[in-house]
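Q: Got a minute to walk me through this one? I'd like to get the overall layout before I look at the ligand.

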Amino acid sequence: MVSSLPTIMEIRQATAADLDAMWDIFQSVIAAGDALPFPDDFDRGTFQSHWFGAQTSYVAAAGSDVLGMYKFGANYPGLGAHVASATYLVRPAAQGRGIGRALVQHSLAQAQSDGFLAMQFNYVVSSNAPAVELYKKLGFTIAGTLPKAFRHGQLGLVDAYVMYRFLQPQDT
Ligand SMILES: CC(C)(COP(=O)(O)OP(=O)(O)OC[C@H]1O[C@@H](n2cnc3c(N)ncnc32)[C@H](O)[C@@H]1OP(=O)(O)O)[C@@H](O)C(=O)NCCC(=O)NCCS
């Protein structure tokens, strides 16, 4: 159990005032080259449209300090719209303190109350132990493996996982 979760941290819906901090977190994570399949030159306008477009974004904040964030929404429209998907990022300096766990738990509760049947992660890099282990601890299983789907900055080609868990009783 992580004991250093900031006690004054809140998770709230992101606003335009959070954009600078969110963009900064995103750039730091992308620069590490080990977790997400975005190019180095991914631009701020595209980031803004992803995080303030069709999906809903939340931030973990301690006062004015944004420590982490997630966005979530339907994984597919129409007949696939009962399955949610989400993306989580914690500021590198704040990782390992329980913020990621708090964000995933928040998103699961949010997706559940919004009536989604399941949550799917489309692209979890297999070498990303903090993400894979956290998701497993919170009830996700590896539904499939995409062989050598991610070009890791240090490790070269590694697998990526599709991870999945139900949110509601399975007979609904
Ligand atoms: C993945 C990420 C969101 C996790 O957030 P975090 O705040 O660092 O994680 P937490 O401190 O909440 O730790 C979550 C759990 O994973 C475990 N964990 C963390 N690092 C681990 C590691 N290297 N090996 C095994 N387990 C690990 C922790 O022990 C913790 O378990 P616990 O809650 O039972 O104690 C964060 O590391 C991150 O933003 N990474 C870069 C972006 C990313 O990978 N996003 C996900 C894309 S799929």
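A: Sure. Read along the sequence, the pattern is β-α-α-β-β-β-α-β-α-β-β. Keep in mind that this is a predicted model.

Q: How many helices and strands does the protein come to?
A: Four helices and seven strands.

Q: And what is the radius of gyration, next to what a compact globule would have?
A: The protein has 16 Å, and a compact globule with 172 residues would have a radius of gyration near 16 Å, so the two agree. Along the principal axes, the C-alpha trace spans about 45 × 40 × 35 Å.

Q: What share of the residues is buried?
A: Buried residues make up 28% of the 172. As for contacts, take those with a separation of 6 or more: 62% of them are between residues 24 or more positions apart.

Q: OK, ligand time. Which residues come nearest?
A: Ala35, Gln95, Gly100, Pro130 and Glu133, out of 24 residues around the ligand. The elements giving two or more residues to that shell are strand S4 (83-90), helix H3 (99-113), strand S5 (118-125) and helix H4 (129-137).

Q: Which one gives the most to the shell?
A: That's H4, with six residues.

Q: How does the shell split by class?
A: There are 15 nonpolar residues around the ligand, plus five polar and four charged ones.

Q: Switching to the packing: which residues touch the most other members of the largest nonpolar core?
A: Met22, Val59, Ala60, Met69 and Leu103, in a core of 30 residues. Helix H1 (19-32), strand S2 (56-62), strand S3 (65-74), S4 and H3 each give two or more residues to this core. H3 gives the most, with six.

Q: Is that the whole story, or what else is there in the way of a separate core?
A: There's a second, separate core of eleven residues, and its members include Ala35, Phe121, Val124 and Ala131. Ala35 is also one of the residues that come nearest to the ligand. As background, nonpolar side chains tend to be buried together in soluble globular proteins.

Q: Back to methionine 22. What is it in contact with, leaving aside its neighbours within four places in sequence?
A: Ala14, Trp51, Val59, Val66 and Met69. Two names there come up again in the strand pairing: valine 59 has methionine 69 as its bridge partner in S3.

Q: So how do S2 and S3 pair, and over how many bridges?
A: They pair in the antiparallel sense over seven bridges. S2 and S3 form a hairpin with two residues between them, and glycine 63 in the turn has a positive phi of about 65°.

Q: What about strand S1 and S2, in which sense do they pair?
A: Antiparallel too: S1 (residues 9-13) and S2 pair that way over five bridges. Glutamate 10 has alanine 61 as its bridge partner in S2.

Q: Is S2 mostly covered or hardly covered?
A: Mostly covered, as five of its seven residues are buried. For contrast, look at strand S6 (residues 141-152): S6 is hardly covered, with one buried residue among its twelve.

Q: Which strand do bridges join S6 to?
A: Strand S7 (residues 156-166), through eight bridges, and the two run antiparallel. In that pairing, isoleucine 142 stands opposite methionine 163 in S7.

Q: And how many residues sit between S6 and S7 in the hairpin?
A: Three residues.

Notes: Residues numbered from 1 in each chain as written. Predicted model: local features only at pLDDT ≥ 70, side-chain atom pairs only at ≥ 80, totals over all residues. Near = placed C-beta within 6 Å. Nonpolar A, V, L, I, M, F, W, Y, C, P; charged D, E, K, R; others polar. Core = buried A, V, L, I, M, F, W, Y, C linked by C-beta atoms within 7 Å. Buried ≥ 20, exposed ≤ 12 C-beta atoms within 10 Å, placed from the backbone. Contact = placed C-beta atoms within 7 Å. Rg over C-alpha atoms; globule rule 2.2 N^0.38 Å. Pairing = 2+ DSSP bridges.
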